[in-house]
Each structure stands twice: as C-alpha cells, then as structure tokens.
Amino acid sequence: MKTIDRETVQRIIDTADIVEVVSDFVNLRRRGANYIGLCPFHNERTPSFSVSRAKGICKCFSCGKGGSPVNFIMEHEQLNYWDALRYLARKYNIEIQEHEVTDAERQAMSERQSLLDVNDFAMKHFEHNMLDTADGRDIGLAYFRERGINEAMVKRFHLGYSLDRRDDLLSAARAEGYSNDALVKTGLCVQTDRGDLYDRFKARVMYPVFSISGKVVAFGGRTLRTDKTVAKYVNSPESIIYKKNRELYGLYQAKQAIVKKEKCILVEGYMDVISMHQQGVENVVASSGTSLTQGQIRLIHRFTENVTVIYDSDPAGIKASLRGIDLLLAEGLNIKVLLLPDGDDPDSFAQSHTAQEVEEYLAANEVDFIKFKTDVLLRDAASDPLKRSEVVSGILLSIAHIPEEIKRNVYIQECSMRFGIDERTLLRQVNVFLTKLAEQNAKQYARQSAVESAETEASPDTSRAPEEKPSDAGTHTEPRPEAPDPVSSDDASAPALDTTVQAAVNRAADPFAEVLEPLERALMRMVLKFGMLDLGEEFGLYDDGEHVKVIDYIREDLEVDSITFGTPLYDRMFREALEIRDTRWDEDYARHLHSAREHISRLENEGREEIKRTATTLAEINVAEQRLRENCENTYRSDIQEFAQHYFEKIFISHPDDNVRRGASDLVVERHQLSKIYYRHGTKIETEIDRLDDLVPRALVALKYYMGRCRFHELTQSIREVQSRPGYDIAEIFALMEQQKKWHDFCTRLSTQIGERVYEPLR
C-alpha cells in the first residue's frame with residue numbers, strides 16, 4: 001500500500017474531532033469544559049473516560065488508554081496507524097489516492113484485516129445475488145417483501161441472498177484473490193476431511209452482523225426451505241474478529257438513536273430489529289437468538305443506562321430469559337420490561353402498527369422489572385406458600401445483583417409493601433445473597449485467571465483479540481519511587497509515563513534513572529505543551545526582535561552544560577521536536593498566519609455590515625467600529641497563541657510511532673480543569689502560561705541540580721571501589737576527587753538559584 005503524504009495526514013488530523021470520533025463508540029456527557037463516559041477499553045460502572053475537544057485527546061484515568069483520534073481508533077478497532085488514518089478519512093470524506101491492492105499485498109495483510117476484507121466482499125456478493133440475479137430476486141428479495149421489509153431497510157441492513165450452489169461464493173472470492181484460509185476462518189466456507197471447500201450459507205437469506213464501528217464480522221443465514229432436517233438458522237463460527245457474546249445485532253445502526261433517546265430496546269431476532277427500525281423505532285438491538293451475555297450488556301452500557309426488554313407472550317420463553325435481567329441489573333442499568341399482546345412478537349407487532357402506535361404502546365406498558373418478574377412467577381404459585389417464598393427469593397436475588405446500595409434499598413422497600421413482609425427480613429436475605437454472589441465472582445475470576453495464565457504459558461497467541469476482564473484486572477502499575485517535583489503544575493495528578501521496555505532496562509542499568517526520569521518528564525512536558533510560546537524579554541530577543549521560544553531556551557540551556565535526556569523516549573522526542581522546529585515551524589506558522597488573517601478579514605467585513613444595519617448615529621458607528629477592531633485584534637492574538645501553544649502537542653499525540661504517541665498523550669493530558677465559574681466576574685486565575693518565565697528555568701535548574709547530585713554520588717562510589725582494591729593508585733583517587741569537586745561546585749551554584757531546600761541523600 002502507498003503511504004499517505006504529510007499534507008493529507010495533517011488534514012485528517014486537523015479535521016478529526018475527538019468528541020465526534022469517540023461518540024461513535026461511547027455515550028459522552030458534558031462535564032465542564034470536557035466530556036466524560038464509560039471507558040470502552042475496560043469494564044467499569046463509574047465513568048472515568050475523559051475527552052477534551054480543546055486539546056483533541058481522550059484519556060481513561062483508570063486503565064490509562066486514550067490519546068488522539070488516531071490513537072483512539074487504533075486502540076478500539078485494532079488498526080495500524082495508516083489504516084486508522086484511512087478510517088478517519090472515510091468518516092470525514094477526505095480523499096486519499098491509493099492504488100489497487102495487489103495479490104502479494106493482500107497476502108501480506110494482517111490476518112485480522114484479511115478476514116474483515118473477505119467478509120466485506122461476501123456481504124457485497126450476497127447483496128448482488130439478491131438484487132441482480134433472477135434467483136435472488138425471485139427467492140431472497142421476494143421473502144423479505146413477503147415479510148413486509150421495504151427497500152430502504154434492505155439497504156440499511158445490507159440484506160442479501162446466498163445462491164443455492166455449492167461453491168458460488170467460493171468461486172467468486174477465489175477469483176478476487178482471497179485465500180482459502182480466510183474463507184474457512186471467517187466461516188464463509190466449510191472444509192471437508194478431504195480438504196474440499198463448500199459454501200456454508202448456500203440457499204439462505206443473509207443477515208450481516210456489524211461491529212460497533214460498521215465492520216462486517218459475521219453472518220446469520222436463514223433457510224427458506226420447509227425441510228425440518230435443515231437447520232432454520234446457521235451463524236458464522238467465532239473467529240479472531242467475531243465473538244458472539246460481544247456483538248449485538250443492529251447496534252451499529254441503532255447507536256445514535258440510543259444516545260438520542262437515552263434508552264436501548266432489547267429484542268431477540270434479526271427481523272424484530274429490522275421491522276422496528278422500519279417503523280421509526282431505531283433504538284433497538286437484538287441478542288440474535290443467544291442468551292444475553294455480560295459482554296453484550298457492557299456494549300449497551302457504553303451508550304445508555306436505560307434498557308427496555310421486550311418479550312412476546314410465550315411463558316416458557318419468558319422464564320428462560322429472566323436470567324438476562326439479573327445480568328443487566330449487575331451492570332448497574334435501569335431495567336424496564338414490556339410484554340407484547342398474545343400472539344405478537346416485536347416483528348409482527350411493528351408490522352401491524354404505525355410508528356406512533358408502537359411508541360405509545362411502549363410508553364404505556366413498560367413496567368419495572370420487579371412487577372414484571374412478580375407477575376410472571378406468581379402465575380404458577382397461586383396460593384402455594386412454598387412457591388410464593390421461592391418467588392420472593394428469586395426477586396431478592398435479582399435485587400442483590402444491583403451494585404448501588406441506595407437503589408437496592410428502594411427495591412427492598414417496594415418488595416416489602418408488595419408482599420407484606422418485614423423490610424428487615426428482606427434486607428437480611430439480600431445480604432446473604434450478596435455474600436454468595438461475591439464468593440461466586442471471586443471463584444469465577446480465580447478460575448478465569450488460572451485458565452488464561454495456563455493458556456498464555458502453554459501457547460501465547462498474539463493474534464487473538466483481547467479478552468474482556470473485570471475493571472481491576474490487567475491494569476497493574478509498577479510503584480514509582482519518590483522523586484522531587486521541581487515544578488508546580490496545573491496538572492498535579494498527571495499519570496506516570498509508561499515508557500518502553502528498553503527504558504526499563506536502562507533504569508535497571510542506571511540506578512539514578514529513577515531520580516532523573518520524573519524531572520526529565522516535567523521538562524519534556526514543558527516542550528510539548530508550551531514549546532513554541534514566547535518567554536519574556538528578560539530572556540533576550542533574537543536579531544529580528546522576536547522573543548525567545550521555550551524550546552529554544554531549553555535547547556541552549558542544556559547545550560551550555562552538555563546535558564541530554566537520559567530517558568531514551570524523552571531524548572528521541574526532544575530531538576524530533578527540535579528538528580520540527582528547525583524545518584517545519586516557519587512554513588506551518590506562515591500558513592496559519594495567512595489563514596488567521598483571512599478569518600479576521602471575514603469577521604471585520606461581517607461586523608461592518610452589522611454596524612451598517614444597526615447603528616443610527618455617527619457616535620454609535622465610531623463606538624461600534626472601535627469595539628469591532630478590539631475584538632478582532634483579541635481574536636487574532638488568541639488564535640495565534642493557541643496555534644503556537646498546541647503546535648507540538650498536536651503533532652506528537654498523532655505520531656506514527658506507538659511509543660511516542662502514547663508518551664505524548666500521557667504528558668499533555670490533564671485530569672482536572674478549572675470550572676468556568678472561576679473565570680466569572682473578571683476573576684484572574686494564574687495559569688502555567690502566565691508563569692512560564694518562572695517554571696521553565698526552575699525545571700531546567702532542578703534537572704541539572706539532581707543530575708549533578710547523581711554524578712557526585714556516582715564518583716563517591718567509584719572512589720570507594722578504587723580504594724577497595726589492594727595497592728590502588730592514589731593519583732586515580734585524586735583525579736576522581738577533582739571531578740567530584742567540579743560537580744559539587746556545579747550543584748552549589750545551582751542551589752542558589754532554586755533557594756534553600758533540604759535534600760535527602762541519594763541512595
């Protein structure tokens with residue numbers, strides 16, 4: 001594949017809105033200047049995933065994942081850097097010129113991408129069969145029309161037909177260069193013991209199953225034959241791209257409606273979803289005939305906390321599905337249940353009613369899960385005390401699944417009034433169930449961890465999709481040794497940088513790396529967040545009268561003492577930032593200046609037109625024009641400063657290298673921001689930008705001071721080592737002591753710049 005040129009990459013990065021990108025997968029809510037939602041990368045009930053539109057980054061402050069729009073798509077969709085850029089380009093209709101993929105390139109693709117590609121081809125092939133072949137129109141399309149499905153829904157859900165031929169798809173896929181291996185692993189074809197292949201889904205109408213991002217990960221095929229020996233439905237087997245317990249049919253088409261209506265309607269089958277969508281009720285998804293799983297529930301929870309489960313009137317089916325309610329409750333969701341009239345399922349009910357009638361029925365008949373479960377279970381209990389006690393126990397067990405104590409107590413009170421049982425008695429029983437559930441979860445987690453550990457040791461499989469784990473699993477963090485914090489930062493809670501394995505090796509080799517790394521981190525953070533901002537006049541001016549930039553001052557100050565970053569990642573980032581400053585900044589800055597001036601010119605013209613329409617006297621015109629000039633000047637200055645401030649930040653958080661991109665995101669992200677209330681009434685809040693003239697020199701002095709202290713201590717150890725040798729050379733001792741004195745004088749000189757401080761001895 002061709003790589004994408006820098007101009008197009010920059011256009012994609014500049015266009016991608018982090019809130020829009022993340023909102024495709026996570027239900028975000030405004031909180032102050034940022035947005036917050038449930039993290040899509042680990043299991044949690046309390047939102048800790050923060051998204052900053054101003055900075056263009058997201059971050060989970062629990063598991064640590066996040067970054068720029070590019071990095072988010074890479075992490076979430078398991079794409080490489082260039083494919084993530086292509087994803088964003090498609091989202092924002094940015095044209096990328098690429099040549100056709102050759103057979104050799106297709107073979108070189110990752111296995112995951114190969115399976116996604118062949119599934120996409122199969123979906124288009126099935127669509128072509130149904131719409132453009134005689135058998136497809138007469139059989140497949142006729143079936144959907146008979147079921148009342150219109151053309152719009154056929155296109156929306158990409159419905160298709162697999163011809164009644166043993167190798168129809170197989171032959172077409174081979175002709176396009178897709179491998180037998182990919183066809184078998186996706187389940188599109190089946191391999192016999194003799195090695196022959198044939199189509200799995202022949203003579204079936206096809207329902208593609210989409211991932212949350214719109215990729216085809218599986219298919220469901222329904223036979224139209226009346227032969228009872230033929231399975232009614234055949235589904236794709238699980239693969240590295242498809243885990244049936246983590247996919248919901250229709251979620252890709254429904255996610256925006258779910259967020260908008262703040263509710264998800266849960267049904268059972270493909271046609272239930274399609275018919276409801278056709279009637280305008282679009283916040284509907286299906287578990288595709290399987291029992292509801294924890295993974296599917298977590299998908300729903302990312303978009304809403306409110307779920308309505310629709311059951312038809314079959315009593316046996318209802319009782320078998322009640323377990324799903326407990327799973328929904330355990331995830332902290334608010335559950336309503338709807339029972340359809342006798343003889344109806346969601347498909348038939350939607351087909352026989354208007355959209356308004358469906359919505360009205362939903363609103364009028366959905367009930368709380370306790371009332372529903374009580375009504376269902378008490379039908380068979382009648383006046384039998386033992387059965388009634390079993391019903392009460394079953395309901396209390398459901399209540400025990402609710403994680404919030406207040407909500408549990410409310411439901412206990414409701415049960416107490418409904419059944420006439422003392423509230424304290426019910427509470428004791430719920431506590432018993434809580435204890436049992438906690439023990440079961442602990443045992444289950446221990447078994448799961450043991451199995452995963454054994455599998456990893458026996459045959460590690462790096463191609464396997466990551467498994468979902470409890471929220472506190474898989475997020476182990478090494479304890480960071482105490483180190484000085486030389487710079488007072490607005491981001492006091494910034495997380496520690498997760499450096500590479502090589503950095504860990506270097507720390508083991510250098511006992512002082514643990515001391516210096518936090519200081520280098522603080523300085524590198526200054527470079528990324530403020531590198532192209534100006535320092536005050538006391539730091540000097542260039543020959544052209546321009547102020548000294550933060551990054552230039554840091555470079556020159558480090559060069560004076562021949563100091564470089566000891567942490568490999570920071571050293572690489574700093575050198576690359578210097579190269580960008582020397583080779584790209586002038587051009588990028590000039591381009592932005594031109595754009596900013598054009599923007600201000602438009603604002604001035606629009607402002608003058610407004611003045612002409614509204615001002616009635618010469619005095620009003622003069623005042624309005626003066627105010628317009630001031631506003632435009634302030635807007636222009638703010639625009640230029642914002643560009644300079646975020647220049648390095650935007651480049652590095654979308655860097656092609658994984659380590660650099662993650663490191664930059666960790667450095668610039670801020671967990672807490674001041675609320676707008678602090679800026680009201682003209683209150684002046686001092687920010688880091690206001691204090692750059694103090695913070696930057698202090699960060700440099702602190703790094704150099706502790707580096708000197710480390711070198712002094714290192715020489716002390718060297719002197720002891722020399723003295724431990726029999727017949728050591730006294731001249732060597734004197735030479736080491738001379739170097740030691742230089743570092744001592746170096747630290748003494750610096751200590752006067754950072755004030756009196758008590759320093760703990762280095763160990």
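1. A residue is called buried here when its relative accessible area is under 20%, and helix H12, residues 270-278, is mostly covered in that sense, since 9 of its 9 residues fall below the cut-off. The buried residues of H12 include Tyr270, Met271, Asp272 and Val273, and the list also takes in His277 and Gln278. After H12 comes glycine 280, which has a positive phi, near 95 degrees. The coordinates are those of a predicted model, and the points below should be read with that in mind.

2. For the overall picture, the protein contains 31 helices and 16 strands, and of its 763 residues 47% are buried. Among contacts with a separation of 6 or more, 69% are between residues 24 or more positions apart. The protein exposes about 39,500 Å², of which carbon and sulfur atoms supply 48%.

3. Helix H13, residues 294-301, is also mostly covered, with 7 of its 8 residues buried. Among these buried residues are the charged or polar Gln296, Arg298 and His301 as well as Ile297, Leu299 and Ile300. The cover over the buried residues of H13 includes helix H11 (251-261) and helix H15 (323-330), together with strand S12 (264-267) and strand S14 (306-311).

4. Strand S9, residues 204-210, has 7 of its 7 residues buried, so the rest of the structure largely encloses this strand. Strand S6 (residues 160-162) is joined to S9 by 3 bridges in an antiparallel arrangement, with glycine 160 opposite methionine 206. S9 also pairs with strand S10 (residues 216-223), again in the antiparallel sense, over 7 bridges, and here valine 209 stands opposite alanine 218. The hairpin of S9 and S10 has 5 residues between its strands, and within this hairpin glycine 214 takes a positive phi near 95 degrees.

5. An open sheet of 5 strands follows the order S1-S2-S3-S4-S5 with antiparallel pairing. Strand S1 (29-31) and strand S5 (66-67) are at the edges with a single partner strand each, so one side of each has no neighbour in the sheet. At the S5 edge, 2 bridges connect S5 to strand S4 (residues 57-60), the two running antiparallel, and lysine 59 is placed opposite glycine 66. Alanine 33 belongs to the loop between S1 and strand S2 (34-37) and, at 42% relative accessibility, is partly exposed. The C-alpha atoms of alanine 33 and arginine 53 are separated by 8.2 Å, although the two are 20 residues apart along the chain.

6. Asparagine 129 deserves a separate look: it is placed in helix H6 (residues 111-132) and is buried, at 2% relative accessibility. Its side chain makes a polar contact of 3.2 Å with the side chain of aspartate 168. Leaving aside neighbours within four places in sequence, the residues in contact with asparagine 129 include Gly136, Arg137, Tyr161 and Ser162, as well as Leu163 and Asp168.

7. The structure holds 35 salt bridges, and some of them can be described individually. Arginine 613 and glutamate 610 meet through their side chains at 2.4 Å, N to O; they are 3 residues apart in helix H26 (residues 585-614), and therefore about one helical turn separates them. Arginine 613 is exposed at 59% relative accessibility, whereas glutamate 610 is partly exposed at 37%. In helix H30, arginine 711 and glutamate 714 are likewise 3 residues apart, about one turn of the helix, and their side chains form a salt bridge at 3.6 Å, N to O. Arginine 711 is partly exposed at 22%, and glutamate 714 is partly exposed at 34%.

8. A further salt bridge joins the side chains of aspartate 196 and arginine 194 at 3.5 Å, N to O. Aspartate 196 is partly exposed, with a relative accessible area of 35%, while arginine 194 is exposed, with 72%. Elsewhere, Asp552, Arg555, Arg581 and Asp582 are linked in a network of salt bridges.

9. On the surface, Tyr728, Ile730, Phe734 and Met737 make a nonpolar patch of about 400 Å². Tyrosine 728 lies in the loop between helix H30 (692-723) and helix H31 (730-754), and its relative accessible area of 36% places it in the partly exposed class.

Notes:
Residues numbered from 1 in each chain as written. Predicted model: local features only at pLDDT ≥ 70, side-chain atom pairs only at ≥ 80, totals over all residues. Heavy atoms only, no water. Pairing = 2+ DSSP bridges. Helix = DSSP H or I, 4+ residues; strand = E, 2+ residues; numbered from the N terminus. Buried < 20%, exposed > 50% of the residue type's maximum accessible area, 1.4 Å probe, protein only. Polar contact = N/O pair within 3.5 Å; in protein donor to acceptor, adjacent residues only side chain to side chain. Contact = heavy atoms within 4.5 Å. Areas by Shrake-Rupley, 256 points an atom, 1.4 Å probe, with all protein chains shown as cover. Patch = residues over 30% accessible without salt bridge, like charges linked within 9 Å, V, L, I, M, F, W, Y side chains within 5 Å. Salt bridge = Lys/Arg side-chain N within 4 Å of Asp/Glu carboxyl O.
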